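User: I'm new to reading protein models and would like a close look at one part of this one. Could you walk me through how two of its helices pack, and then what sits elsewhere in the fold?

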Amino acid sequence: MSIGEIADKAGLPAKTIRYYEEIGLVAPQRGENGYRAFSQNDLHRLAFLARARALGFSIEDCRTLVALWDDEGRASADVKRVAEAHLSHIDEKIAQLRSMRETLGHLVEACHGDERPDCPILKDLAPE
């Protein structure tokens with residue numbers, strides 16, 4: 001498959017596929033003409049990476065997950081460890097976003113939103 005074909009099938013931009021090749025996550029064959037020739041295995045790997053990235057895994061986590069996927073002797077505990085660490089990171093982000101939402105919500109409620117120049121939102125943002 002060409003890069004255009006595999007991009008369509010994997011649901012990834014060609015630029016992303018080139019990047020994944022550059023950092024060693026995929027290694028398509030090269031024809032005599034220098035063009036990439038992607039296999040069905042490359043398609044599976046790219047679909048795997050697309051799904052992992054959609055779940056928010058970092059590139060390094062993806063590298064680890066691909067290595068575990070390739071290792072038939074892997075322990076599922078190793079995979080679970082990576083996923084649990086990522087889940088913990090997501091929980092931290094959610095807590096931060098909730099705190100931000102609460103603070104901004106209070107500021108929006110406190111702002112009259114009228115013609116007066118006094119604005120608690122700007123007051124809060126300004127350095128003291």
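Analyst: Let's start where H4 and H5 touch: on the H4 side you'll find Asp61, Thr64, Leu65 and Leu68, and they meet Asp78, Val79, Val82 and His86 from H5. Sorted by class, this contact has four nonpolar, two polar and two charged residues. Keep in mind that you're looking at a predicted model.

Now zoom out to the helices themselves. H4 covers residues 59-70 and H5 covers residues 76-110, and they pack at an angle of about 160° with their axes 10 Å apart. Angles over 145 degrees count as roughly antiparallel, so that's the label for H4 and H5. As for handedness, H4 passes H5 in a left-handed crossing.

H4 also has a part in the largest nonpolar core, supplying at least two of its residues, as do H1 (3-10), H2 (14-22) and H3 (40-54). That core has 22 residues, and Leu12, Ile17, Tyr20, Leu46 and Leu49 are the ones with the most contacts inside it. Take Tyr20 as an example: setting aside neighbours within four places in sequence, Tyr20 is in contact with Leu12, Leu25, Val26, Leu46, Leu49, Arg53 and Ile59.

One more spot to find is Pro28, in the loop between H2 and strand E1 (29-30). Pro28 has 9% relative accessibility, so it counts as buried. Again leaving out neighbours within four places in sequence, its contacts are Glu21, Arg36, Ala37, Phe38 and Asp42. Pro28 and Phe38 are 10 residues apart along the chain, and their C-alpha atoms are separated by 5.1 Å.

Notes
Residues are numbered from 1 along each chain as its sequence is written. This is a predicted model: local features need pLDDT of at least 70, side-chain atom pairs count only at pLDDT 80 or more; totals for chains, interfaces and linings use all residues. Side-chain values use heavy atoms; hydrogens and water are left out. Axes are lines fitted to C-alpha atoms, for helices over the stretch in contact, and angles run from 0 to 180 degrees between N-to-C directions. Helices (H or I, at least four residues) and strands (E, at least two) are DSSP runs, numbered from the N terminus. Angles under 35 degrees count as roughly parallel, over 145 as roughly antiparallel, 65 to 115 as roughly perpendicular and the rest as oblique. A crossing is left-handed if the near helix is turned anticlockwise from the far one by less than a right angle, and right-handed if clockwise. Contact means heavy atoms within 4.5 Å. Ala, Val, Leu, Ile, Met, Phe, Trp, Tyr, Cys and Pro count as nonpolar, Asp, Glu, Lys and Arg as charged, and the others, Gly among them, as polar. A nonpolar core is a set of buried Ala, Val, Leu, Ile, Met, Phe, Trp, Tyr and Cys residues joined through side-chain atoms within 4.5 Å. Buried means under 20% relative accessible area, exposed over 50%, partly exposed in between (1.4 Å probe, protein chains only).
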